[in-house]
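Trainee: Could we take a close look at one single part of this model, and then follow it to its surroundings?

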Amino acid sequence: MNATLVIYSAPISSRAPYAALQFARAWLAAGHHIERVFFYADAVHTGAASAAPPRDEFDAHREWQMLAHDNGLDLVVCIAAALRRGVCSAEEAARFQRPAHNLGEGFRLGGLGELVEGSLKSDRTVSFGRHA
């Protein structure tokens, strides 16, 4: 079975990225496939390499990076939501003449069309968090 995951909430204000990660681990352990993980709205902060949570707290950025690396996951951060919230790649930083970029390795920017495409290729689309 194939799934696309959509996460809406930021790791600092919600347990949604953690719940999605736990779901993804269980889904993969059961022998299923994840087509794409799409970070939308405030969840785009998950892709920011600049966040540094305390060592005893959940590090959503690092945990998603490791899961993606180990399982070949496609981690897509919504470009419009990311730029609006100050999360950008090196290419977008140059394009908008910003002094720095902070999109972490293993994450990439993409549009809503990639969410639709992932959903069309999947048997299930599973959402985590609330979109205001």
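Which residues are exposed on the other side of H2?

Mentor: Before we turn to that helix, keep in mind that this model is predicted, so local features need pLDDT of at least 70 and side-chain atom pairs count only at pLDDT 80 or more, while totals for chains, interfaces and linings use all residues. Residues are numbered from 1 along each chain as its sequence is written, and side-chain values use heavy atoms, with hydrogens and water left out.

The residues you ask about are Arg-62, His-69 and Asp-70, which are exposed (over 50% relative accessible area, where under 20% is buried and anything in between is partly exposed, with a 1.4 Å probe and protein chains only). Helix H2 covers residues 60–71, and helices here are DSSP runs of H or I with at least four residues, strands being E runs of at least two, both numbered from the N terminus. Its 12 residues reach 16 Å from the first C-alpha to the last, close to the 16 Å expected at 1.5 Å a residue, the expected span being 1.5 Å times one less than the number of residues.

The buried residues of H2 are Ala-60, His-61, Trp-64, Leu-67 and Ala-68. Seen down the axis of H2, these buried residues fall within an arc of 140°, so they line one face of the helix; the arc is taken from the directions from the helix axis to the C-beta atoms. What covers them includes strands S1 (2–7), S2 (33–39), S3 (75–78) and S4 (107–110), together with helix H1 (16–29). Just after H2 comes Gly-72, with a positive phi of about 65°.

Helix H1, one of those neighbours, can be read in the same manner. Its 14 residues should span 20 Å at 1.5 Å a residue, and its end C-alpha atoms are 20 Å apart, which agrees. Ala-16, Pro-17, Ala-20, Leu-21, Ala-24, Trp-27 and Leu-28 are buried in H1, and because they fall within an arc of 135° when seen down its axis, they line one face of the helix. These buried residues pack against S1, S2, H2 and strand S5 (124–128). After H1 follows Gly-31, whose phi is positive, near 90°.

Strand S5 brings us to Phe-128, which lies in that strand and counts as buried, at 11% relative accessibility. Although Phe-128 and Ala-20 are 108 residues apart in sequence, they are 6.2 Å apart in space, C-alpha to C-alpha. Leaving aside neighbours within four places in sequence, Phe-128 is in contact (heavy atoms within 4.5 Å) with residues including Leu-5, Ile-7, Ala-16, Ala-20 and Phe-23.

Finally, look at the loop between S2 and H2, where Ala-41 has its place. Most residues other than glycine have a negative phi, but phi of Ala-41 is near 55°, a positive value in a residue other than glycine. At 6% relative accessibility, Ala-41 counts as buried. Gln-97, in the loop between helix H4 (90–95) and S4, likewise has a positive phi near 55°, yet Gln-97 is exposed, with a relative accessible area of 71%.
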